[in-house]
Amino acid sequence: MSAILIKNGTVVNEDSMARADVLIQEGVIVDVQPSISIDSPDVRVIDATNKMVIPGGIDPHTHLQFPFMGQVAVDDFYKGTQAALAGGTTMVIDFVVGQKGTLPLDSWRQWREWADPKVCCDYGLSVAITSWSPEVAAQMAELTRPEYGINSFKFFMAYKEALMVNDDEFYEGLQVCAKIGALARVHAENGHVIHSKQKELLSQGITGPEGHTQSRPEELEAEATNRACVLAAQANCPLYVVHVMSKNAARAIAYHRQKGHVVFGEPIAAGLVLDGSGYYDRDWSKAAALVMSPPLSRDPSTPTALMDLLACGQLHLTGTDNCTFTCEQKKRGMNDFTKIPNGVNGLEDRMSLIWEKGVHTGKLDPMRFVSVTSTAAAKIFNCYPRKGKIARGSDADVVIWDPNRTRVISAATHHHANDYNVFEGMTVHGVAEITICKGKVVWENGQLNVEQGFGKYVPLMPFNNYVFASIPFKQQMSRPICVSRGDCQETPVEPTTVETTAEVNYARRGQQPAGGASSIVF
């Protein structure tokens with residue numbers, strides 16, 4: 001692997017941007033300074049004049065090769081990571097999602113077997129908890145060990161009778177996450193109500209994709225998001241809400257953050273660009289292509305509003321929920337919208353879409369762009385500054401980004417395995433001209449130069465200070481109160497529940513709070 005010297009570009013990190021050269025050797029960035037000169041035939045010089053040199057993107061939410069709803073996502077770990085590199089993303093965090101009754105360790109091993117021989121870029125894993133038992137709780141703790149490298153677990157509040165856990169199970173899972181130093185991630189929808197509404201709509205003869213959005217009104221996402229935040233606060237557990245799709249779900253996150261709770265919000269590329277009007281397209285295939293959960297918002301102003309919240313810091317990073325199925329696979333639900341495999345593409349186009357709708361419109365500056373597409377994920381999942389930064393000692397995952405170049409998104413040219421693109425025909429500013437992964441040029445002049453298995457698994461360690469540093473203080477402030485009345489021991493009992501700081505302070509003053517933790521007005 002030859003050394004690479006990137007000259008004359010503007011290096012952009014989340015907190016700075018300046019003209020600098022970047023020297024890469026043996027897969028690592030070894031120098032960043034205004035002028036680097038090396039006279040050696042073994043060093044490739046790349047001229048980045050009028051270009052930006054940014055950290056490779058990190059997509060924290062993918063479902064590659066995912067067996068789901070009777071189908072398997074066609075972007076496997078080879079095709080999916082190819083698409084990622086073509087768009088400037090150099091690391092993905094995929095979800096291990098075992099079926100109910102499957103133990104987390106077994107599912108983790110299965111995903112490693114699928115991914116390791118195929119990945120073209122580095123990847124991490126997050127494990128979904130779809131069943132609950134003492135054995136599952138014990139395996140969660142085991143998975144945080146270095147040899148497994150898991151520091152986040154996902155809980156589904158939707159997909160009743162398939163992936164969903166009930167609130168009591170979710171709460172116990174949150175308590176375990178807090179104890180073992182793992183971030184809890186949540187798919188927030190009201191699965192019980194959705195299940196009932198699906199049956200109602202089908203009984204009324206509504207079988208097409210329009211039934212999908214009507215069975216999952218965004219109020220149910222907002223309600224579940226608020227409920228998830230309340231439960232996480234009670235468990236004193238940091239929470240990460242995946243695919244925030246509606247204004248009120250985002251406002252629920254902002255509300256709880258203002259109360260001091262540790263909550264992160266992740267909008268996805270599709271939700272930042274598209275609205276849900278396409279579910280009513282007369283072309284069944286076009287409407288079905290957009291079926292995902294939660295669905296795209298029925299409010300056409302939502303994409304702009306979510307971008308505004310991303311710009312001001314109320315939402316924190318972007319993913320894709322990339323889970324692709326062909327038109328033929330989608331047709332499994334031709335006569336029953338509940339059987340349409342859920343998922344859309346986005347892994348290749350995320351970076352350009354965020355630049356187009358964020359930076360090109362003036363909502364984000366290039367530094368915020370780097371944060372929401374790379375650095376925030378690296379910090380939240382504890383691989384910073386190895387990932388997510390252009391600096392000495394960081395991995396040489398680097399993108400030469402052309403902010404002025406445009407491209408037209410199309411299924412005819414994308415690198416996904418599915419035969420349509422939900423962003424078809426969109427012109428976007430901001431293009432990954434060259435992608436360097438692990439010190440190797442893997443995308444250049446519109447061509448990929450990748451090998452299966454080139455990427456490696458990145459263990460992600462628990463008790464990340466970026467996520468957990470405030471938790472011990474919150475635990476201290478919310479410790480239970482024992483009132484001595486002469487008929488009980490004066491020694492406080494061991495904590496079994498977590499009260500909010502406000503409730504503790506009110507109680508110590510002999511007062512009652514005006515509203516409980518779930519009081520929220522949208």
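Which residue does Arg-386 form a salt bridge with, and how far apart are the closest N and O atoms? The partner is Asp-395, and those closest atoms sit 2.8 Å apart. Keep in mind that this is a predicted model.

## The Arg-386 network

The two ends of this pair sit in unlike surroundings: Arg-386 is partly exposed at 39% relative accessibility, while Asp-395 counts as buried at 15%. The pair also belongs to something bigger than itself. Salt bridges with shared partners tie Asp-122, Arg-386, Lys-387, Asp-395, Asp-397 and Lys-438 into one network.

## Other salt bridges

The count for the structure comes to 24 salt bridges. One of them pairs Arg-185 with Glu-266, with 3.7 Å between the closest N and O atoms. This one links distant parts of the chain, 81 residues apart: Arg-185 is in strand 12 (residues 183-187), and Glu-266 is in the loop between strand 14 (263-265) and helix 9 (269-273). Arg-185 is buried at 0% relative accessibility, and Glu-266 is buried with a relative accessible area of 0%.

Arg-227 and Glu-223 make a local pair, with closest N and O atoms 2.7 Å apart. Both sit in helix 7 (residues 218-234), and because they are four residues apart, about one helical turn separates them. Glu-223 is partly exposed, at 31% relative accessibility.

## Nonpolar cores

Nonpolar side chains in soluble globular proteins tend to be buried together. Here the largest nonpolar core has 104 residues, and the members touching the most others are Met-140, Phe-153, Phe-170 and Leu-239. Leaving out residues up to four places away in sequence, the contacts of Phe-153 include Val-127, Ile-129, Met-140, Leu-143, Ile-180 and Leu-183. Arg-185, the salt-bridge residue from strand 12, is also among the residues that Phe-153 touches.

Apart from the largest core lies another, of 25 residues, including Ile-268, Leu-296, Ile-340 and Val-428.

## Helix 13

Helix 13 (residues 350-359) is mostly covered, with nine of its 10 residues buried. Among the buried ones are Met-351, Leu-353, Ile-354, Trp-355 and Val-359, but also Arg-350 and Glu-356.

## Cysteines without disulfides

How many disulfides does the structure hold? It has zero. Take Cys-327: its sulfur is 15 Å from the closest cysteine sulfur, in Cys-323, so the two are too far apart for a bond. Cys-327 is partly exposed, with a relative accessible area of 22%.

Cys-437 is in no disulfide either, and the nearest cysteine sulfur, that of Cys-121, is 5.6 Å away. Cys-437 counts as buried, at 0% relative accessibility.

Definitions and conventions:
Residues numbered from 1 in each chain as written. Predicted model: local features only at pLDDT ≥ 70, side-chain atom pairs only at ≥ 80, totals over all residues. Heavy atoms only, no water. Buried < 20%, exposed > 50% of the residue type's maximum accessible area, 1.4 Å probe, protein only. Helix = DSSP H or I, 4+ residues; strand = E, 2+ residues; numbered from the N terminus. Disulfide = S-S within 2.5 Å. Core = buried A, V, L, I, M, F, W, Y, C linked by side-chain atoms within 4.5 Å. Contact = heavy atoms within 4.5 Å. Salt bridge = Lys/Arg side-chain N within 4 Å of Asp/Glu carboxyl O.
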